Amino acid sequence: MQGKIIAFSAPSGAGKTTIVHRLLERIPELSFSISACTRDKRGRTEANGKDYYFISVQEFQEKIRQDAFVEWEEVYEGAFYGTLKSEIERIWEGGEHAVLDVDVKGGLSIKEFYKERALAIFVKPPSLEVLEQRLRNRATDSAASISARIYKANFELTFEDRFDVTIVNDDLDKAIDQAEKLVRDFIAPEPAVV
Ligand SMILES: Nc1ncnc2c1ncn2[C@@H]1O[C@H](COP(=O)(O)OP(=O)(O)OP(=O)(O)O)[C@@H](O)[C@H]1O
Ligand SMILES: Nc1nc2c(ncn2[C@@H]2O[C@H](COP(=O)(O)O)[C@@H](O)[C@H]2O)c(=O)[nH]1
C-alpha cells in the first residue's frame with residue numbers, strides 16, 4: 001500500500017480540528033500526524049505527544065537545522081509549528097495514511113512537496129462573523145488573539161483556489177460526511193489493471 005497524506009487547512013476557528021477528530025473515528029486507516037509546536041500547552045485539555053510535541057524555540061530551531069521538518073511556519077508571532085518527517089514515516093511504516101491539521105500556508109507546502117500523494121482540503125467558514133462567534137464560543141483565546149486570527153483569516157481566505165477542494169463547514173454533520181467521502185475516494189486503492 002502506498003501511504004497518502006490528507007491535509008486539512010483553514011483559518012483558525014473554521015472547524016478543521018473538529019472535522020479531523022471525527023474523521024479519525026470513522027476511518028481506521030487514518031492516523032493523525034502530530035506536529036511540533038512552541039506555544040504553551042492549553043491547561044488540561046491538551047497532552048504532549050497527542051495533540052502536539054510541545055518543545056522550546058531552541059529545540060525547534062535545532063530541528064530546522066537538522067532538516068527534520070517537511071514544512072514549518074511561524075503561525076502566530078513567536079509561535080512555531082511544523083510537520084515532522086519522522087511522523088509521516090512512522091504513519092506510512094505502520095500501513096496507514098497521514099492526516100494533518102495545518103495552517104493555510106502549511107497545507108499548500110504539503111501539496112507542493114507530496115504532489116499527487118497529497119490531498120489538500122480547505123475548510124471554509126460560512127462567514128467571518130460566524131468564524132468570530134465560533135472563536136468566542138470556544139473560549140480558548142484572548143480578545144486580542146481572536147482579533148489577530150480574524151485579521152489573518154481575511155488573508156487566508158484568498159488562498160482557497162489553490163487547494164484541491166473546499167468544504168464549507170456550516171452544518172457540521174454535512175461537512176464531516178463530505179470530508180469522509182472525499183478522503184475515502186482519495187485513499188481507495190487503484191483498481192488492478194488486467
Ligand atoms: N459546523 C459548526 N457549527 C458550529 N460550531 C462549530 C462547527 N464546527 C466547529 N465548531 C466549533 O467551532 C470552534 C472552532 O473549531 P475548531 O477548534 O475545530 O477550529 P480550528 O479550525 O481547528 O481552529 P484552530 O486553527 O484555532 O485550531 C469549536 O468550538 C468547535 O466546536
Ligand atoms: N504550518 C503548520 N501549521 C500547523 C501545524 N500544526 C498546527 N498548525 C496550525 O497552527 C494553528 C494554530 O493551532 P492552535 O492549536 O495553536 O490553535 C492552526 O491553524 C493549526 O492548523 C504544522 O505542523 N504546520
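Between which strand and which helix is Pro11 found? In this predicted model, Pro11 lies in the loop that runs between strand E1 (5-9) and helix H1 (16-26). Gly13 is found in the loop between E1 and H1 as well. The UniProt annotation "binding site", which comes from an unreviewed entry, covers Ala10, Pro11, Ser12, Gly13, Ala14, Gly15, Lys16 and Thr17.

Are these two loop residues buried or exposed? A residue is classed as buried if 20 or more other C-beta atoms lie within 10 Å of its own. Pro11 has 25 C-beta neighbours inside 10 Å and therefore counts as buried. Gly13 also counts as buried, because 25 C-beta neighbours lie inside 10 Å of this residue.

The contacts of the two residues show which parts of the chain surround the loop. When neighbours within four places in sequence are left aside, Pro11 is in contact with Pro125, Leu131, Lys152, Ala153, Glu156 and Leu157. With residues up to four places away likewise not counted, Gly13 touches Pro125, Leu131, Arg134, Leu135, Arg138 and Arg149.

From the loop, one may turn to the sheet to which E1 belongs. In general, the strands of a sheet pair through backbone hydrogen bonds, in either a parallel or an antiparallel manner. Here, 5 strands form an open sheet with parallel pairing, in the order E2-E7-E1-E8-E9. At its edges stand strand E2 (30-32) and strand E9 (165-168), each of which pairs on one side only. From one strand to the next, the twist averages 25 degrees.

The pairing of E1 with strand E8 (residues 118-124) may be examined in detail: the two strands run parallel and are joined by 5 bridges. Within this pair, Phe8 stands opposite Ile121 in E8. Helices pack on the sheet too. H1 touches E1, E2, E7 and E8, and its direction makes about 160 degrees with that of E7. Helix H7 (residues 172-187) touches E1, E7, E8 and E9, and the direction of H7 makes about 155 degrees with that of E9.

Finally, which elements contribute to the surroundings of ligand 2? Strand E5 (69-76), strand E6 (79-84), strand E7 (97-102) and helix H4 (104-114) each supply at least two residues of the shell. Among the 14 residues around ligand 2, those that come nearest are Ser35, Glu73, Tyr81, Val102 and Gly106. Sorted by class, the shell contains 3 nonpolar, 5 polar and 6 charged residues. Strand E7 thus appears in two settings, as a member of the open sheet and as a contributor to the shell around ligand 2.

Terms used: Residues numbered from 1 in each chain as written. Chains lettered and ligands numbered in written order. Predicted model: local features only at pLDDT ≥ 70, side-chain atom pairs only at ≥ 80, totals over all residues. Near = placed C-beta within 6 Å. Helix = DSSP H or I, 4+ residues; strand = E, 2+ residues; numbered from the N terminus. Nonpolar A, V, L, I, M, F, W, Y, C, P; charged D, E, K, R; others polar. UniProt positions renumbered as here; feature names shortened; annotations may be inferred. Buried ≥ 20, exposed ≤ 12 C-beta atoms within 10 Å, placed from the backbone. Contact = placed C-beta atoms within 7 Å. Pairing = 2+ DSSP bridges. Axes fitted to C-alpha atoms, helices over the stretch in contact; angles between N-to-C directions.
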